[in-house]
Structure formats: C-alpha cells, structure tokens
Amino acid sequence: MAAKLGPDGLIRELCKGFELLMDSKRGLITLESLKRNAPRLGLERLGDDELIEMVREGDLDGDNALNQDEFCILMIRMSPQLMESSQRLFDFLQM
C-alpha cells in the first residue's frame, strides 16, 4: 500500500485515519474515542485493557492519548510493509 500511495499519499491516508478516530473536542485519539470507533475498525471484540494497551503503546508524551504524530508513528511501526518504506518516507520528509 505504501509503495502504491507514495509518501504524500501515505501521509494523507494516515491523517484521514487519525481524524476518523480522534475525539473532535480534544483533537486526540483517546480511549473513549477508540472505544466508540472500535466497530469501524473491526475491533469491537477487544476489551478495555487491550484498547488501553493500544493507546499506551503509541503514547510517547505520556498524556494517555495519541496525537497525530504518535498515531502515524504507531501505524508505521505496526505494519512491516510500512516499516520497510519508513526510511524512504523519512528521507522524503527531510527534503
């Protein structure tokens, strides 16, 4: 998918995903917004502990929520194919 979209397309798609999942009042993905949107992602079977762990895994600043950067980093880390293209993406963003 990353190769097909290219770096710009990949970033756009990740941003769309973030906006779909975020709490519009806080501008962050919170446990509550993730629970509310779990059925859209096919995650309705996950319990609170598993959803908390998903947020915790990506939460780099310790605020118990994911901002857009944290979400994008987490999505790239979670996908082996995205990991392969992450260096090219990083190089592209540094231009």
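1. A quick word on terms before anything else: a residue counts as buried when its relative accessible area is under 20%, and as exposed when that value is over 50%. Leu66 comes in at 4%, so Leu66 is buried. Bear in mind throughout that what we're looking at is a predicted model.

2. The overall picture, then. The protein chain has five helices and zero strands, and reading along the sequence gives α-α-α-α-α. Of its 95 residues, 34% count as buried. As for contacts with a separation of 6 or more, 35% of them are between residues 24 or more positions apart.

3. Back to Leu66. This residue sits in the loop between α3 and α4, yet it is buried. What does Leu66 touch, leaving aside its neighbours within four places in sequence? The contacts are Phe18, Leu28, Ile29, Val55, Gly58, Asp59, Phe71 and Leu74. Leu21 is worth a look too: its C-alpha atom is 10.0 Å from that of Leu66, with the two positions 45 residues apart along the chain.

4. That same loop, between α3 and α4, also holds Asn64. Is Asn64 buried or exposed? With a relative accessible area of 60%, Asn64 is exposed, whereas Leu66 is buried. The backbone deserves a glance as well. Most residues other than glycine have a negative phi. Asn64 is not a glycine, but its phi is positive, near 60°.

5. Now the aromatics. There is one aromatic pair in the structure, and its members are Phe18 and Phe71. The ring centres are 5.9 Å apart and the planes make an angle of 55°, which puts the pair in the tilted class. Phe18 belongs to helix α1 (residues 2–21) and Phe71 to helix α4 (residues 68–78), so the pair ties together parts that are 53 residues apart in sequence. Phe18 and Phe71 are both buried. Both also turn up among the contacts of Leu66, so if you have the loop on screen, the pair can be inspected from there.

6. Next, how do α2 and α3 pack? Helix α2 covers residues 31–41 and helix α3 residues 48–58; their axes come within 10 Å and cross at roughly 120°. The roughly perpendicular class runs from 65 to 115 degrees and the roughly antiparallel class starts over 145, so α2 and α3 are oblique to each other. Their crossing is right-handed. On the α2 side the contact is made by Leu31, Leu34 and Lys35, and on the α3 side by Asp48, Leu51, Ile52, Met54 and Val55. Sorted by class, the contact comprises six nonpolar residues, two charged ones and no polar ones.

7. One residue of that contact merits its own point: Leu31, found in helix α2. Leu31 has a relative accessible area of 19%; the cut-off for buried is under 20%, so Leu31 is buried. Not counting residues up to four places away in sequence, Leu31 touches Asp48, Leu51, Ile52 and Val55. Arg56 lies 25 residues from Leu31 in sequence, and the C-alpha to C-alpha distance for these two is 9.6 Å. Val55 links this point back to the loop: it is in contact with Leu31 and also with Leu66.

Notes. Residues are numbered from 1 along each chain as its sequence is written. This is a predicted model: local features need pLDDT of at least 70, side-chain atom pairs count only at pLDDT 80 or more; totals for chains, interfaces and linings use all residues. Side-chain values use heavy atoms; hydrogens and water are left out. Rings of Phe, Tyr and Trp (its six-membered ring) pair if their centres lie within 6.5 Å; planes under 30 degrees apart count as stacked, over 60 as edge-to-face and the rest as tilted. Helices (H or I, at least four residues) and strands (E, at least two) are DSSP runs, numbered from the N terminus. Buried means under 20% relative accessible area, exposed over 50%, partly exposed in between (1.4 Å probe, protein chains only). Axes are lines fitted to C-alpha atoms, for helices over the stretch in contact, and angles run from 0 to 180 degrees between N-to-C directions. Angles under 35 degrees count as roughly parallel, over 145 as roughly antiparallel, 65 to 115 as roughly perpendicular and the rest as oblique. A crossing is left-handed if the near helix is turned anticlockwise from the far one by less than a right angle, and right-handed if clockwise. Contact means heavy atoms within 4.5 Å. Ala, Val, Leu, Ile, Met, Phe, Trp, Tyr, Cys and Pro count as nonpolar, Asp, Glu, Lys and Arg as charged, and the others, Gly among them, as polar.
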